[in-house]
Amino acid sequence: MDHHPFGARELGSTGVTVPSLGLGCAPLGNLYRALPERQAHEVVRAAFAAGAGYFDTAPHYGAGLSEERLGRALRGRDRATYTLSTKVGRRLRPLLPGEEASGEGFVGAPARARVRDHSRDGIRATLEASLERLGVDAVDVVYLHDVEDHLREVYETGFPALAELRAQRMVRAIGFGMNHSGVLARLVADLDADVVLCAGRWTLLERTAFDDLLPVCLRRGTSVVVGGVYNSGLLADPSPGAPYNYTPAPAGLLARAQQLTAVCAEFDVPLKAAALRFPFGHPAVASAVVGAASPGEMTENAALFTRHIPDELWHTLVARGLLDPDLPLPLNDRARPGAHP
């Protein structure tokens, strides 16, 4: 894969490249609301049209529905034209008689149960089932998903199983995906991860990953894919009742998000554009994955991502106390989307 309109960044030293903007595929699994099948396909088409050919999914998303829909939408596409990641750690099985599915935020999911499984055989079986749903021979990246409460199994069997798959060239890049940056930092320090997907901890409102995870990634040569750049909604639309980490935002954070909006407006920059660009001030960041529930949302994200943001905006946010002075800023000479760190 040689060409991305957003520029290509390599994950670790794996040879796997990703565009700076990718599509998070949880909405394809009916996250919070049902998406018609045709609309799911149109979202994927819009991602290709925008040049955001990195797709991140998981068995957890709609109990396999996201992977199935993504697979159908990718059918017939040249496999060399996109990068694909999925996750392991939750194995799916058919529901037992009388058993009810746990939606976990997803609606209208297939009749499957999620089972925590970090065993060697479980991880292989989980990946094989994902490949079948996706209709591909291989994915590029596999993340261990939300394993913060299962670290003993990760060290004993989960990560060794992934490392074995990488050694056998069954997958090219491996790592971890979660929103606990401190746990990610420990795992990156201890284990040979190529990439981590960190959601919500490196944003305009949160510096947590800057303090714990990002320095370790830089030292270890581990790439970072950022998720949750809008902090689950607050940085997309900071109005009263807006969600932050999936619950209503505290008053102080809402006020800060509104102040960020006001400064961005002075420079005629939408807050969402600044939120998308901000993480790229750090050289460990390779890509941002953003969900979209309609082709219009995907197209909007791509347009926001490439919007010119004057350096003076970032300096003003620092001067007004809305960004800490020690944070790396995505200035135009070093963090242009697609520029190499």
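Helices and strands here are runs assigned by DSSP, with at least four residues for a helix and at least two for a strand, and they are numbered from the N terminus. With that in hand, N245 is easy to place: this residue lies in the loop between β12 and β13 (247–248). One thing to keep in mind from the start is that the model is predicted.

**Two asparagines with an unusual backbone angle**

N245 has a positive phi of about 50 degrees although it is not a glycine. N231 also has a positive phi of about 50 degrees, and it is not a glycine either. N231 lies in the loop between β11 (223–227) and β12 (243–244). Are these two asparagines buried or exposed? N231 counts as buried, at 1% relative accessibility, while N245 is partly exposed, with a relative accessible area of 33%.

**An enclosed space and an open one**

Both asparagines turn up again in the wall of the largest cavity, whose lining consists of N179, A199, G200, R201, G228, N231, S232, N245 and Y246. This cavity holds about 60 Å³ of space, and the count of cavities of 30 Å³ or more comes to one. By residue type, its lining divides into two nonpolar, six polar and one charged.

The largest pocket has a volume of about 1200 Å³. Of the 40 residues that line this pocket, the closest to its centre are A26, P27, L31, Y246 and G291. Which elements give two or more residues to the lining of the largest pocket? They are β9 (173–178), β10 (195–199), β14 (285–291) and α10 (295–305). The pocket lining is made up of 19 nonpolar, 12 polar and nine charged residues. Y246, listed among the residues closest to the centre of the pocket, is also part of the cavity lining.

**Two helices with a buried side**

Helix α10, which contributes to the pocket lining, has its own set of buried residues: M298, N301, A302, L304 and F305. Why do they fall on the same side of α10? Around the helix axis they cover an arc of only 165 degrees, and therefore they share one side of α10. These buried residues pack against β3 (21–24), α1 (37–50), α9 and β14.

Helix α11 (residues 311–319) can be read in a similar way, with L313, W314, T316 and L317 buried. Their arc around the axis is only 160 degrees, so they are on the same side of α11. The cover over the buried residues of α11 includes α8 (251–266) and α9 (271–277). Helix α9 is thus a partner to look for in both places, since it is among the elements packed against the buried residues of α10 and among those covering the buried residues of α11.

Just after α11, G321 takes a positive phi of about 75 degrees. Further along, L331 is placed in the segment after α11. L331 is buried, with a relative accessible area of 12%. In sequence L331 and P283 are 48 residues apart, and in space they are 12 Å apart, C-alpha to C-alpha.

**Buried residues in loops**

Loops in this model have buried residues too, and D117 is one of them, with a relative accessible area of 12%. D117 is found in the loop between β7 (112–116) and α3 (120–134). Apart from its neighbours within four places in sequence, D117 is in contact with G89, R91, G122 and I123.

Y82 is another, found in the loop between α2 (65–74) and β5 (83–88). Y82 is buried, with a relative accessible area of 2%. Y82 and P19 stand 63 residues apart in sequence, yet 9.2 Å apart in space, C-alpha to C-alpha.

**Cysteines**

How many disulfides are there? The count comes to zero. For C25, the closest cysteine sulfur is in C198, 19 Å from its own sulfur, which is too far for a bond; a disulfide needs the two sulfur atoms within 2.5 Å.

Here are some of the accessibility values side by side.

| Residue | Relative accessibility | State |
|---|---|---|
| C25 | 1% | buried |
| C264 | 1% | buried |
| Y82 | 2% | buried |
| D117 | 12% | buried |
| L331 | 12% | buried |
| N245 | 33% | partly exposed |

Definitions and conventions: Residues are numbered from 1 along each chain as its sequence is written. This is a predicted model: local features need pLDDT of at least 70, side-chain atom pairs count only at pLDDT 80 or more; totals for chains, interfaces and linings use all residues. Side-chain values use heavy atoms; hydrogens and water are left out. On a 1 Å grid over the protein atoms alone, a cavity is a set of points where a 1.4 Å probe fits but cannot get out, and a pocket is an open set with protein on both sides within 12 Å along at least five of seven lines; lining residues have an atom within 4 Å of a point. Grid points are joined across faces, edges and corners, and a volume is the space filled by probe spheres set on the points. Ala, Val, Leu, Ile, Met, Phe, Trp, Tyr, Cys and Pro count as nonpolar, Asp, Glu, Lys and Arg as charged, and the others, Gly among them, as polar. Buried means under 20% relative accessible area, exposed over 50%, partly exposed in between (1.4 Å probe, protein chains only). The arc is that of the directions from the helix axis to the C-beta atoms. Contact means heavy atoms within 4.5 Å.
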